[in-house]
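Let's work through a few exercises together. Have the sequence and the 3D view open, and try each task before you read its solution.

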Amino acid sequence: MRRALFFVLEAEIPLLTNHNRLVMVLIVKTANANPVFRALADPTRRTIFEELTRQGEQTVHALTAYAGVSQPAVSKHLTVLKHAKLVRHRREGRETHYRARPDALAPMVDWLNVYGAFWRERFDRLEKVLEEME
């Protein structure tokens, strides 16, 4: 799924203008980034993901002790992280072991790179304008 994001900026640039306002259209694949952003929006899920990233594979019991919330709450958070493909699990007897999948952050990194480039370009233009004004 692709969505067009429109930015309207005050500018005197004749490119893609609409009444002296620069209109920029960026096409961003948001379908893959949204579940990742939603999953990591919760501070407890971020904490669990960071712990798995730093310490490696852990059981739900170990994560419960670290997260400071109940085991059912940790299980629900892990389910959201699984749906976003941020963690992987495996069963060993009666225990489930979870490990982080940092490569699943790629859609979020891509999204941030698009906007990073967008704002770097804008700040470069602003810097030129300010230099010309001096």
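**Exercise 1. Work out how confident the predictor is in this chain, and which stretches call for caution.**

Solution.
- Step 1: This is a predicted model, so start with its confidence score. The pLDDT averages 80 over the chain, and 76% of the residues score at least 70.
- Step 2: Look for weak stretches. Over residues 1-20 the pLDDT stays under 50, and the same holds for residues 22-31.
- Step 3: Check what the model places around them. Residues 1-20 have 45 contacts beyond four places in sequence, while residues 22-31 have 41.
- Step 4: Decide how to read them. Where pLDDT is low, the predicted coordinates should not be read in detail.

**Exercise 2. Describe the overall build of the chain.**

Solution.
- Step 1: Count the elements: there are five helices and five strands.
- Step 2: Put them in order. Starting at the N terminus, you meet β-β-α-α-β-α-α-β-β-α.
- Step 3: Turn to burial. Of the 134 residues in the chain, 31% are buried.
- Step 4: Consider the contacts with a separation of 6 or more. Residues 24 or more positions apart account for 52% of these.
- Step 5: Finish with the surface. The chain exposes about 9,300 Å², and carbon and sulfur atoms supply 55% of that area.

**Exercise 3. Explain which parts of the chain the salt bridge between R90 and E57 ties together.**

Solution.
- Step 1: Recall the principle. Side chains of opposite charge can pair when their charged atoms come close.
- Step 2: Find the pair. The side chains of R90 and E57 meet with N and O 2.6 Å apart.
- Step 3: Locate both partners. R90 belongs to strand 4, and E57 to the loop between helix 2 (43-55) and strand 3 (58-59), so the bridge links parts that are 33 residues apart in sequence.
- Step 4: Compare with the burial cut-offs. R90 has 33% relative accessibility, so it counts as partly exposed; E57, at 34%, is partly exposed as well.

**Exercise 4. Classify the partners in two further salt bridges as buried, partly exposed or exposed.**

Solution.
- Step 1: Know the total: the whole structure holds six salt bridges.
- Step 2: Take R101 and D103, whose side chains meet at 3.7 Å, N to O. R101 has a relative accessible area of 18% and is therefore buried, whereas D103 is exposed at 53%.
- Step 3: Take R122 and E121, with their closest N and O atoms 3.0 Å apart. R122 is buried at 9% relative accessibility, but E121 is partly exposed at 36%.
- Step 4: Look for shared partners. E57, R90, E92 and R99 are joined into one network by salt bridges that share partners.

**Exercise 5. Find what is unusual about the backbone at K85.**

Solution.
- Step 1: Start from the rule. Most residues other than glycine have a negative phi.
- Step 2: Check this residue. K85 has a phi near 60°, a positive value, and is not glycine.
- Step 3: Place it. K85 sits in the loop between helix 4 (71-83) and strand 4 (87-92). With 53% relative accessibility, K85 counts as exposed.

**Exercise 6. Which residues make a nonpolar surface patch of about 630 Å²?**

Solution.
- Step 1: List them: W119, F123, L126, V129, L130 and M133.
- Step 2: Zoom in on one of them. L126 is found in helix 5 (residues 106-133).
- Step 3: Check its accessibility. L126 reaches 43%, so it is partly exposed.

Technical notes: Residues numbered from 1 in each chain as written. Heavy atoms only, no water. Patch = residues over 30% accessible without salt bridge, like charges linked within 9 Å, V, L, I, M, F, W, Y side chains within 5 Å. Areas by Shrake-Rupley, 256 points an atom, 1.4 Å probe, with all protein chains shown as cover. Salt bridge = Lys/Arg side-chain N within 4 Å of Asp/Glu carboxyl O. Helix = DSSP H or I, 4+ residues; strand = E, 2+ residues; numbered from the N terminus. Buried < 20%, exposed > 50% of the residue type's maximum accessible area, 1.4 Å probe, protein only. Contact = heavy atoms within 4.5 Å. pLDDT = per-residue confidence, 0-100.
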